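Welcome! Here is a short guided tour of a protein model, written for someone meeting structures like this for the first time. Have a look at the picture and then follow the notes below.

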Amino acid sequence: MAEMGSKGVTAGKIASNVQKKLTRAQEKVLQKLGKADETKDEQFEQCVQNFNKQLTEGTRLQKDLRTYLASVKAMHEASKKLNECLQEVYEPDWPGRDEANKIAENNDLLWLDYHQKLVDQALLTMDTYLGQFPDIKSRIAKRGRKLVDYDSARHHYESLQTAKKKDETKIAKAEEELIKAQKVFEEMNVDLQEELPSLWNSRVGFYVNTFQSIAGLEENFHKEMSKLNQNLNDVLVSLEKQHGSNTFTVKAQPSDNASAKGDKSPSPPPDGSPAAPEIRVNHEPEPPSSAAAGAALPKSPSQSSLPAVVVETFSATVNGTVEGSGGAGRLDLPPGFMFKVQAQHDYVATDTDELQLKAGDVVLVIPFQNPEEQDEGWLMGVKESDWNQHLELEKCRGVFPENFTERVQ
């Protein structure tokens, strides 16, 4: 019996909610048609506009801050690899080897500390700031529904009062419902009228604190990094002084086909590919090679041939395949394809709707399904490697920062 009673209450509540939605829909139609007046509050509407603007600005700032953090991480990785390279080429018997290794360790720690402090003092604060918006947005929407309920109850009460045949019982019930609807609406309205202006005014202090934190952290980071760079420079100066007698000359060897007039520019090899000058590291200058007895006659256009790589690429394109790590590709392009870009830096995705990029990745750029969802500085696309694997577009597309890429087509 208790279970049946519970089901009955649930069914009754569902029926009540359905009736409310129906009544609201009818009231909105009458208001749009001009057959029923609508309660207006211009001051509150201005507060809502400010709220939406504040939410948009905060969301953009959060996304740009994440992009900045991703760039810091990418710079950290690049700096780390550069220092590792220096450690590998630094000979054990050269002076300052231990100092150079210690500088590299401190460099790595400084980058890690900078990134972590940005997360703690900027990104987490940003997340907390934006965390209050969803609840207020939900309450604004609920207030709008309660306003429609209030207008509907008011119109119903007024219609019963002006009817030719008045039913006092119905009028009393309608008045009771009107008072109840008005009370619920006004309670929500008063709370929001106080909170929205306060939230709007808080943005100034928040922006000041956020950008002061970022500026201060970046200033300290560059000061400490400058000290490390100066220390490294001192180590290298010491190395130069000890081995200053050695000279390292990079020379290009003259071509065997140089003309008797002394033209030393390299001539193209028979296959048509550009000639790379031979580079040698010499401590003593070498005597120049003898000039050729005479210059070779140039080939006529009919005798010249296309480079093999051009022929192979053209053949692969015609046959619908492109040789590479991915094997056979595909000639079709994603719906709405606009152009291609190539990643210049690694990008670590920070959200499920973002693409993970490695430097060199080619991305096919496509339009957003809803243009209003596109944030400034962000593009929608699918990595060409994923597309060539015949993956579904819905599973492999995502957004990525435009400034991490360069347009190639």
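K102 and E105 sit 3 residues apart in helix 3, so about one helical turn separates them. Their side chains meet in a salt bridge, with N and O 3.9 Å apart. Keep in mind as you read that this is a predicted model.

**Charged pairs**

- In general, side chains of opposite charge can pair when their charged atoms come close.
- How many salt bridges does the structure hold? The count is 13.
- K102 is partly exposed, because its relative accessibility of 47% lies between the limits of 20% and 50%.
- E105 is also in the partly exposed class, with a relative accessible area of 45%.
- Helix 4 has a salt bridge of its own, between E158 and R154, whose closest N and O atoms are 3.7 Å apart.
- E158 and R154 are 4 residues apart in helix 4, so about one helical turn lies between them.
- Are the two partners buried or partly exposed? E158 is partly exposed at 36% relative accessible area, while R154 is buried at 14%.
- Some salt bridges share partners, and in this way R60, D64 and E376 are joined into one network.
- Another salt bridge joins E195 to R139, and here the closest N and O atoms are 2.7 Å apart.
- This pair links distant parts of the chain, since E195 belongs to helix 5 and R139 to helix 4 (residues 133-161), with their positions 56 residues apart.
- E195 counts as partly exposed because its relative accessible area is 31%, which falls between 20% and 50%.

**Helix 5**

- Helix 5 covers residues 168-242, a run of 75 residues.
- From its first C-alpha to its last, helix 5 reaches 109 Å, close to the 111 Å expected at 1.5 Å a residue.
- Where is the kink in helix 5 centred? The kink is centred on R203 and amounts to about 30°.
- At the start of helix 5, a side-chain oxygen of D167 comes to within 3.1 Å of the backbone nitrogen of T169.

**Places where the chain meets itself**

- A104 lies in helix 3, which runs over residues 97-130.
- A104 is buried, because its relative accessibility of 10% is under 20%.
- Although A104 and L86 are 18 residues apart in sequence, their C-alpha atoms are 9.0 Å apart in space.
- L61 is part of helix 2 (residues 42-89).
- With 15% relative accessibility, L61 counts as buried.
- Along the chain, L61 and M126 are 65 residues apart, yet 8.3 Å separates their C-alpha atoms.
- E158, which you met above in helix 4, can be paired with E175 in the same kind of comparison: 17 residues apart in sequence, 9.2 Å apart from C-alpha to C-alpha.

**A buried lysine**

- K383 is found in strand 5, which spans residues 378-383.
- K383 is buried yet has no salt bridge.
- Which side chain of opposite charge is nearest to K383? That is D361, 4.0 Å away.
- K383 does have a polar neighbour in the backbone: the oxygen of Q356 lies 3.0 Å from a polar atom of the K383 side chain.

**Cysteines**

- How many disulfides are there? The count comes to 0.
- C47 is buried, because its relative accessible area of 11% is under 20%.
- C85 is partly exposed, with 41% relative accessibility.

**A residue with a positive phi**

- Most residues other than glycine have a negative phi.
- H390 is not a glycine, but it has a positive phi of about 60°.
- Where is H390 found? H390 is in the loop between helix 7 (384-388) and helix 8 (393-396).
- H390 is exposed, because its relative accessible area of 56% is over 50%.

Definitions and conventions: Residues numbered from 1 in each chain as written. Predicted model: local features only at pLDDT ≥ 70, side-chain atom pairs only at ≥ 80, totals over all residues. Heavy atoms only, no water. Helix = DSSP H or I, 4+ residues; strand = E, 2+ residues; numbered from the N terminus. Expected span 1.5 Å × (residues − 1). Bend = angle between axes of the 7 residues up to and from the residue. Polar contact = N/O pair within 3.5 Å; in protein donor to acceptor, adjacent residues only side chain to side chain. Disulfide = S-S within 2.5 Å. Buried < 20%, exposed > 50% of the residue type's maximum accessible area, 1.4 Å probe, protein only. Lys, Arg positive; Asp, Glu negative; His and termini not counted.
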